[in-house]
Amino acid sequence: MHNGRAMTFHVLTTFPGMFSGFLGETMMKRGIEAGIVHVNLVNIREHATDKHKTTDDTPYGGGPGMVMKVEPIFNVLKALKKAPSSKHQISNERIVLLSPRGKQFTQQIAQEYAKLESLTLICGRYEGVDQRVADHLADEELSIGPYILSGGEVAAMAVMEAVARLVPGFLGNPESLREESFSAKGQRAEARENQRALWAKAQGLGPTEYPQFTKPADFHGWNVPDVLLSGDHAEIERWRKKHSRAV
Ligand code: SAH
């Protein structure tokens, strides 16, 4: 069992089906089953009030394409009790509009989000989202990188994946692993050291991204560095430090 602090992601999208593979496999699936993360997928279309369930319309001032309407998004947030009051004074939740114009997502932001009780992600489509969503409903706009996607769904998945693995318990519990007993003292110290390194790495702390290799040692003449096969832990440690870079 985990330490009891579950995190909820609310995802507002017009294409909820895009998330089924992502949420139904490996880490996210396990995290959800273990109750460490909850994902509440909301189809924006179901909150449109007109009979055609319209979520987009033509832009004022003219121009190509369609713009996502403010009203259905407002309705979802209202149903979630997150509207009309936005710009959260209460710091344990955040409403984020995925947008190529937002601030750049980083590991630091992932760490900040992982401390929240809930993170609401609004996925745009088409030419974008009525600016009033950014101005009055979202706390911030977030971009996953300097390029344009067709929609916010893949961006929301990237954010959820980076954040979820930082929620305590998601990657297994390092505290309990640390407590495992080994017969030899040296081994115990080494296990502790490894656990700390793994934990630091998961948190994105420190320059721990060194190159990794696994079997075979020789693949068609592409060889694993000798030092990694040497069994000399001090040398291996030095090599890894030298080849590390910050996340
Ligand atoms: N016409 C807009 C692009 C809209 S792309 C412009 O030039 O700014 C449609 C939607 O995809 C956006 O509303 C946003 O939710 C999502 N999106 C596109 N690129 C993104 C990025 N780099 N990061 C996060 N979301 C993005």
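A strand here is a DSSP run of E that spans at least two residues, with numbering from the N terminus. Keep that in mind for the pocket, where strand β5 turns up. One caveat before going on: this is a predicted model.

**The whole chain**

The protein has 10 helices and nine strands. Out of its 247 residues, 38% count as buried. If you look at contacts between residues at least 6 apart in sequence, 76% of them join residues at least 24 apart. As for the surface, about 14,600 Å² is exposed, and carbon and sulfur atoms supply 54% of that.

**The largest pocket**

Now for the empty space. The largest pocket comes out at a volume of about 850 Å³. Four elements each give two or more residues to its lining, and here they are:

| Element | Residues |
|---|---|
| β4 | 67-68 |
| β5 | 93-104 |
| α5 | 131-137 |
| β7 | 140-143 |

Which element gives the largest share of the lining? That's β5, with five residues. In total, 34 residues line the pocket, and those nearest its centre are Val67, Glu127, Gly128, Val129 and Asp130. By residue type, the lining divides into 16 nonpolar, 10 polar and eight charged.

**Helix α6**

Helix α6 runs over residues 153-164, and its length is easy to check: at 1.5 Å a residue, its 12 residues should span 16 Å, and the end C-alpha atoms are indeed 16 Å apart, so the two agree. Is this helix largely enclosed or open? Nine of its 12 residues are buried, so the rest of the structure largely encloses α6. The buried set takes in four alanines, Ala155, Ala156, Ala162 and Ala164, along with Met157, Met160, Val159, Val163 and Glu153.

**Tyr113**

Tyr113 sits in helix α4, which covers residues 107-114. Why does Tyr113 count as buried? Its relative accessibility is 0%, and buried means under 20%, so Tyr113 qualifies.

Setting aside neighbours within four places in sequence, Tyr113 is in contact with Met7, Arg94, Val96, Phe105, Leu119, Glu140, Leu142, Val159 and Val163. Two of those names, Val159 and Val163, are also among the buried residues of α6. Tyr113 and Glu93 are 20 residues apart in sequence, and their C-alpha atoms are 8.4 Å apart in space.

How values were computed: Residues are numbered from 1 along each chain as its sequence is written. This is a predicted model: local features need pLDDT of at least 70, side-chain atom pairs count only at pLDDT 80 or more; totals for chains, interfaces and linings use all residues. Side-chain values use heavy atoms; hydrogens and water are left out. Buried means under 20% relative accessible area, exposed over 50%, partly exposed in between (1.4 Å probe, protein chains only). Contact means heavy atoms within 4.5 Å. Accessible areas come from the Shrake-Rupley method with a 1.4 Å probe; for residues, only the protein chains shown count as cover. On a 1 Å grid over the protein atoms alone, a cavity is a set of points where a 1.4 Å probe fits but cannot get out, and a pocket is an open set with protein on both sides within 12 Å along at least five of seven lines; lining residues have an atom within 4 Å of a point. Grid points are joined across faces, edges and corners, and a volume is the space filled by probe spheres set on the points. Ala, Val, Leu, Ile, Met, Phe, Trp, Tyr, Cys and Pro count as nonpolar, Asp, Glu, Lys and Arg as charged, and the others, Gly among them, as polar. The expected span of a helix is 1.5 Å times one less than its number of residues.
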